[in-house]
Each structure stands twice: as C-alpha cells, then as structure tokens.
Amino acid sequence: MRDAGRAGEHRYVGGMTETLDRRLFLRRSAGCAAALIAGVAVPRAFADPGPGHPEWGYSGDEGPAHWAALDPAWHACGTGDAQSPIDLPRARPTAPRAATARLRYRAGPVDAVDTGHTIRFVPGGRNAVVVAGTPFRLVQFHEHTPSEHTVGGRAYPGELHFVHQDAGGRHAVLGVFLQASRRGGPADELLGELPDVLDERRQVVAAYDLSLLIPRDGAAYRYSGSLTTPDCEQGIDWFVFRRPIRVSPSVLETFREASGDNARPLQLLNGRTIASARVV
C-alpha cells in the first residue's frame, strides 16, 4: 500500500487502535465455542473472512499495510492506483439539478450480522440505486468508526456504506457520514436487537424505510474508487453524501464496542476527478 502520509498528499486523521477491544475478543471466542458445542458450522455467507482467505484486521500484522501480502488475491490493496477511502475537498460541491442517480428504497425487514470487522445490515425486499439507467441492487450496508472518507482532513465519528451490485457484478457504493446528536436519529431504530454472537444473523426490525438514512438534499461527491476492505476491488462508483445524518451517541458507542476503530487509512488520489452529484 502506498504511504498516505507523505508530504503533499492527504493524511489520515483519527488514528487506529493497536489492539482489539477485549469485549470483541470475548464475543469472538464465545461465538466460535458456541458453534462448536452445538455442532453447527459458522454460516460462511455472512462470516469474515471468506473461505480460503486469511484473517485480516485494522492493526498489527493483519492491518491495512499488510493486506496485499496476506493473500495474492488482495494485491490491489497495495498496488492499486484508484483506492478508497480518500480525502474529499472542503469546498462544498454544487449538486446538479438533474439527478445523477435515483434511489428505489422500500420499507422491509432488516437483519444484522456482527462479522468481527463491522456490524453488517442485510435488508430484505427490493432496494436499488439506478445509475445511468442501470439498476444496482442493495446487497448490504455496514458501519465504520471513525469515518473512512474525510472532508478537508476532517473525519466524522462514523460512516455507513451502502453496497450495491448490478447484474454484471459491478458495484456502486453510497457513503453517509454519521454525526452525534443528543436528539438521535433514524438509525437508532436499527440497534434494538443486535446479535451478540459472532456471525449470528438476527432480524433487528420487521419493517424499515432505508431512505431515512439518506440525506434529503441528495448532494454528493462522486469518484471512481475501490472497496475499502480486502480484496480492495477497484472500479467502484462512489457517491459520498456531503451532509451527515444525525445519530445518538449510543449508536456510535455500540459500533465502537462491536468493531473498534475499523477505518482504512486514506489513499492517494492519483489524479482522479471528484465530481458533484445528486442522488434522490
């Protein structure tokens, strides 16, 4: 991975933990033990990492600086020239009047899985974003604390990533910043019944309108980047909303307790264009 801290390039803000939170370690151990005792395999469809791949994390020998060396399939994590996250310009983009992408989110059930790296939410129903006439189906969304993208060098307390995929396997990701507020916000409703065992999938809400988690004005930055976890696949169409949504401090604390600091360091822009967009 290129050094994101060199002079003249963007610098990571916010820091990362050197050790996993003890509570996360205990939950990992308890989850594996429970699965063994019950004679039930951990469901690989919702486990991290996938079959045949090594363990990875956010610190030490399994941290981002070593991802490319952990598995040959993850070479883009070190050699890719269009990686994410990046630092976005402080100057606020003027969103175009016409929609760049259109949301087709509908109310439906939402499940959650603690992967050990993040809390991953898996929505039911038909949810999609349409980009240039192509529908991308919402596969899952998950959290990062602190935010992975920054704005003018400033990190937000958290960030949600909504991962979409089209029929050809291409990805489009929506990024939403999280800002703490005593009044809370719509994301609070998703935390009522979070799983407390690693890789356990549990329904957290029977009917939820995911559009509540999207900033209303739709103004966003758009650029071509990558997944921010192994295998760091490039060619991802990123839309990062300019305005954050508000969440209660307890939401952010819940995410931190589950995942620790799970933000990949900033990556070099390498001449990429950051455009203005509107997602409505």
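Which residues does His 149 touch, not counting residues up to four places away in sequence? The list runs Pro 85, Ile 86, Leu 88, Glu 159, His 161, Phe 177, Tyr 223, Trp 238 and Val 240. Keep in mind as you look around that this is a predicted model.

His 149 makes a handy starting point. You'll find His 149 in the loop between β6 and β7, the latter being residues 150-151. With a relative accessible area of 0%, His 149 counts as buried. Its side chain also makes a polar contact, at 2.6 Å, with the side chain of Tyr 223.

One name on that contact list deserves a visit of its own: Glu 159. Glu 159 belongs to strand β9, which covers residues 158-165. Here is a charged residue that is buried and yet has no salt bridge. Where is the nearest side chain of opposite charge? That would be Arg 154, and it is 12 Å away. A salt bridge needs the nitrogen and the carboxyl oxygen within 4 Å, so Arg 154 at 12 Å doesn't qualify. What the side chain of Glu 159 does reach is the backbone nitrogen of Glu 148, at 2.8 Å. Leaving out residues up to four places away in sequence, Glu 159 touches, among others, His 142, His 144, Ser 147 and Glu 148, along with Val 176, Phe 177 and Leu 178.

Stay on strand β9 and move along to Phe 162, which pairs with Tyr 105 across 57 residues of sequence. Their rings sit 6.4 Å apart, centre to centre, with 35° between the planes, which makes the pair tilted. Tyr 105 comes from the loop between β2 (101-104) and β3 (108-114). Both Tyr 105 and Phe 162 are buried. They also have company: Tyr 105, Phe 121, Phe 141 and Phe 162 form one aromatic cluster.

Counting aromatic pairs in the model gives eight. Another of them is Trp 56 with Tyr 58, an edge-to-face pair at 5.6 Å centre to centre and 65° between the planes. Trp 56 is buried at 5% relative accessible area, and Tyr 58 is buried too, at 11%.

Now for the covalent link. How many disulfides does a search of the whole structure find? The search turns up one. The partners are Cys 77 and Cys 232, whose sulfur atoms are 2.1 Å apart. Cys 77 sits in helix α3 (residues 76-79) and Cys 232 in the loop between β12 (219-226) and β13 (234-241), so the bond ties together parts that are 155 residues apart in sequence. The torsion about the S-S bond is about 95°, so this disulfide is right-handed. Cys 77 is buried at 2% relative accessibility, and Cys 232 is buried at 0%.

The strands on either side of that loop have a link as well. Arg 222 in strand β12 and Asp 237 in strand β13 are 15 residues apart, and they form a salt bridge with the closest N and O atoms 2.7 Å apart. Arg 222 is partly exposed, at 26% relative accessible area. Elsewhere, salt bridges that share partners join Asp 196, Glu 200 and Arg 202 into one network.

The structure holds eight salt bridges. One of them joins the side chains of Asp 111 and Arg 201 at 2.7 Å, N to O. Asp 111 lies in strand β3 and Arg 201 in strand β11 (residues 201-208), so the pair ties together parts 90 residues apart in sequence. Asp 111 is buried at 16%, while Arg 201 is partly exposed at 38%. Asp 166 and Arg 170 also meet in a salt bridge, again at 2.7 Å, N to O. There, Asp 166 is buried at 9% relative accessibility and Arg 170 is partly exposed at 47%.

Asp 166 leads on to Pro 135, which touches it along with Val 129 and Val 130, not counting residues up to four places away in sequence. Pro 135 is in strand β6 (residues 134-144) and is partly exposed, with a relative accessible area of 46%.

Finally, step back to the whole chain. Its secondary structure comes to four helices and 15 strands. Of the 280 residues, 49% are buried. Among contacts with a separation of 6 or more, 70% are between residues 24 or more positions apart.

Conventions:
Residues numbered from 1 in each chain as written. Predicted model: local features only at pLDDT ≥ 70, side-chain atom pairs only at ≥ 80, totals over all residues. Heavy atoms only, no water. Helix = DSSP H or I, 4+ residues; strand = E, 2+ residues; numbered from the N terminus. Buried < 20%, exposed > 50% of the residue type's maximum accessible area, 1.4 Å probe, protein only. Lys, Arg positive; Asp, Glu negative; His and termini not counted. Polar contact = N/O pair within 3.5 Å; in protein donor to acceptor, adjacent residues only side chain to side chain. Contact = heavy atoms within 4.5 Å. Disulfide = S-S within 2.5 Å. Phe/Tyr/Trp six-rings, centres within 6.5 Å; stacked < 30°, edge-to-face > 60°.
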